[in-house]
Amino acid sequence: MNYQLQCMCGSVRGLLSHAENGIRGMCYCKDCRAYSCHLGIESRTHDSLGGADFVAALGNQISITEGAQNIACISLSPNGLLRWYAKCCNTPIAGTPRNWKLPYVGLVRAFMENEPGAYESTFGDVKIRANTSSAKQPPPALALKSFVSVASLMSRVFAATIRGSYKSTPFFHSGGEPVVLPTVLSKDERVRASADAE
Ligand SMILES: [Zn+2]
Ligand SMILES: [Zn+2]
């Protein structure tokens, strides 16, 4: 099943294929909050516990169909995750590792709001709670079956790495360079974003 992706202003659009394989999670880390604070959008991406809703997928499931010229990329540090966003409206798109051979993509929910209720009905319950030690308050516990989903995702990541299907991704050129040069936040910007993220 294809799932429509779009930034808040609608300029950047894409598709997530095999959406039924996407795994819904929440990330409570301070870096995700700092990324959203830097984009000035934390209230749209984070809940009261400091968690951001995302869907874990593989790069080869994602295609950008419109507005690719509006895609930009920041990183909180020289070796940090690449954090993609739509510069037309500062919608966070996704986080990816810097190494394209690890085709994991954490798609941010703000880029997945196509019609009311579609996100929940497609991805169901939260199955991963990451970095809960950085949550503002302890989040609810997960059912045991969650571990099974995460294990199945990781096995698909490794299979894609071995088969070379990581080369199919909207975020990297065929030689492995990011499609837009990531801007690493300056120390001042990082300090400000992290302070806002507390
Ligand atoms: Zn936009
Ligand atoms: Zn995070």
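These entries record what I looked up about strand pairing in this predicted model.

**Entry 1: the three-stranded sheet.** I began with the open sheet, whose three strands follow the order β1-β2-β5 and pair in the antiparallel sense. Strands β1 (3–6) and β5 (62–66) occupy the edges with a single partner strand each, so one side of each has no neighbour in the sheet. I then looked up the turn between neighbouring strands of this sheet, which is 30° on average, direction ignored.

**Entry 2: β1 against β2.** I examined the pairing of β1 with strand β2 (residues 13–16) and found four bridges, with the two strands running antiparallel. For tyrosine 3, I noted leucine 16 as the bridge partner in β2.

**Entry 3: surroundings of β6.** I asked whether strand β6 (residues 71–75) is enclosed or open. Four of its five residues are buried, so the rest of the structure largely encloses β6.

**Entry 4: β6 and β7.** I next traced the partners of β6, starting with strand β7 (residues 82–86), to which four bridges join it in the antiparallel sense. The two strands, β6 and β7, make a hairpin, and six residues lie between them. Within this pair I recorded alanine 86 of β7 as the bridge partner of isoleucine 71.

**Entry 5: β6 and β11.** I also looked up strand β11 (residues 183–184), which pairs with β6 in the parallel sense over two bridges. Here serine 75 has valine 184 of β11 as its bridge partner. I therefore enter β6 as pairing antiparallel with β7 and parallel with β11; strands of a sheet can pair in either sense, through backbone hydrogen bonds.

Definitions and conventions:
Residues numbered from 1 in each chain as written. Chains lettered and ligands numbered in written order. Predicted model: local features only at pLDDT ≥ 70, side-chain atom pairs only at ≥ 80, totals over all residues. Buried ≥ 20, exposed ≤ 12 C-beta atoms within 10 Å, placed from the backbone. Pairing = 2+ DSSP bridges. Axes fitted to C-alpha atoms, helices over the stretch in contact; angles between N-to-C directions.
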